[in-house]
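Colleague: Please take a close look at one strand for me. I would like its surroundings walked through in one go.

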Amino acid sequence: MSEQLGLSVVIVNWNTRGLLLDVLGRLARCRESSSRRMQVIVVDNASEDGSAAAVAEEFEDVLLLAQDRNLGFAGGVNLGFEAAQEELIVLLNTDVSFEPEALEALAHHVEQEPRLGVCGPRVSFADGSFQSSYWRFPSLWQLFCTSCYLYKLFPRTRLFDGERYGGQVFSEPHEVDAVSGCVFLLRRSLIDRIGGLDEGYFMYFEETDLCRRARAAGVSVGYFPGASFVHFGGVSARLARRRNFLQFRRSRVRFFRKHHGVWAAACARVLNALFLLLRLPAWIIRSLLPGSWGKEARARVSLYASGIVDAFASSCR
């Protein structure tokens, strides 16, 4: 029987102290229940909530890489990749919950499938409902369908909702284009071949870019529903809402520029703006409502207006 491959877990944190400590507690239980070698790495992106100090105090066996500036998600991940010593590497967000057997099942699956270079597990919301965590590579057609609500009008069709596989929920392991960056496993040998995350993406789309480069190198990307994780979603993002709202759209444009050229990037900018323009009137009407509904709608109006301006201002930079 071949020896189990070791596992390095990389966590990038920014001001989510409570969630980070919970995840590290779960990983400590994983270490106790598993015979697999496990290394845990935390990259703290200049948090101001005492995250780094708490990790140093409570988890002495965790490799803590505390930064004096925010490197962004990709920059933090790559720092963790450099420190990872094992062949299997799990990238884990702090807003993800799991049981020890789920992590072991994901590692075992990849260990048994040598063609797999990247693999994502089943992801659910806190209420147990399915969360989409795999998709096809972005295309201008699918971005148009999203902008114009066609994916909502025809959610079960691959023509209008192809990026989400026509709403298909795979119950068996399946090869996919890309998996969610909230939690996935990849091989050290793949990073050595194609490099880590592209730090030109401050955040968002970096995992899709990585999966595209893996596929281009002839390596499979898979989805494994036999391991289940819960993703609460966007906790760090809510701490810098406007920045991340704009960054998501800028990263999408960057993806199109990198993989499809300048013309595709220009089209993506227009479609980003179209998405916001078609939804803005409804939010303006809701902003007239009193109370929390009106307050949230006014915040959305401000975000959408910023996004429309940024879609075209960024093309001039």
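**Strand E2 and its neighbours**

Colleague: How many residues of strand E2 (residues 38-44) are buried, and which strands does E2 pair with?

Modeller: Bear in mind that this is a predicted model. Start with burial. Seven of the seven residues of E2 are buried, so the strand is largely enclosed by the rest of the structure. Buried here means under 20% relative accessible area. In a regular strand, side chains alternate between the two faces of the sheet. Take the two faces of E2 in turn. One side carries Met38, Val40, Val42 and Asp44, and these are buried. The other side carries Gln39, Ile41 and Val43, also buried. Both faces are therefore covered.

Next, the first partner. E2 pairs with strand E1 (residues 7-13) in the parallel sense, over seven bridges. Val9 of E1 stands opposite Val40 in E2. The link between these two strands is helix H1 (residues 17-33), and the β-α-β crossover from E1 to E2 is right-handed. Further along, Val12 has Val43 of E2 as its bridge partner.

Now the other partner. Strand E3 (residues 63-66) runs parallel to E2, and four bridges join them. Val42 is matched with Leu64 of E3. Here the chain goes from E2 through helix H2 (residues 51-58) to E3, again as a right-handed β-α-β crossover.

E1 deserves a word too. Seven of its seven residues are buried. On one side sit Leu7, Val9, Ile11 and Asn13; on the other sit Ser8, Val10 and Val12. Both of these faces are covered. E1 also runs parallel to strand E4, joined to it by four bridges. Ser8 has Ile89 of E4 as its bridge partner.

Last, the connecting helix H1. Its 17 residues should span 24 Å at 1.5 Å a residue; the end C-alpha atoms lie 25 Å apart, which agrees. The buried residues of H1 are Leu20, Leu21, Val23, Leu24, Gly25, Arg26, Leu27 and Cys30. What covers them includes E2 itself, along with E1, H2, strand E4 (88-92), strand E5 (96-97) and helix H4 (100-112). In short, E2 pairs with E1 and with E3, and E2 is among the elements that cover the buried residues of H1.

Methods. Residues numbered from 1 in each chain as written. Predicted model: local features only at pLDDT ≥ 70, side-chain atom pairs only at ≥ 80, totals over all residues. Heavy atoms only, no water. Buried < 20%, exposed > 50% of the residue type's maximum accessible area, 1.4 Å probe, protein only. Pairing = 2+ DSSP bridges. Right-handed = clockwise from strand over helix to strand, strands pointing away. Expected span 1.5 Å × (residues − 1). Contact = heavy atoms within 4.5 Å.
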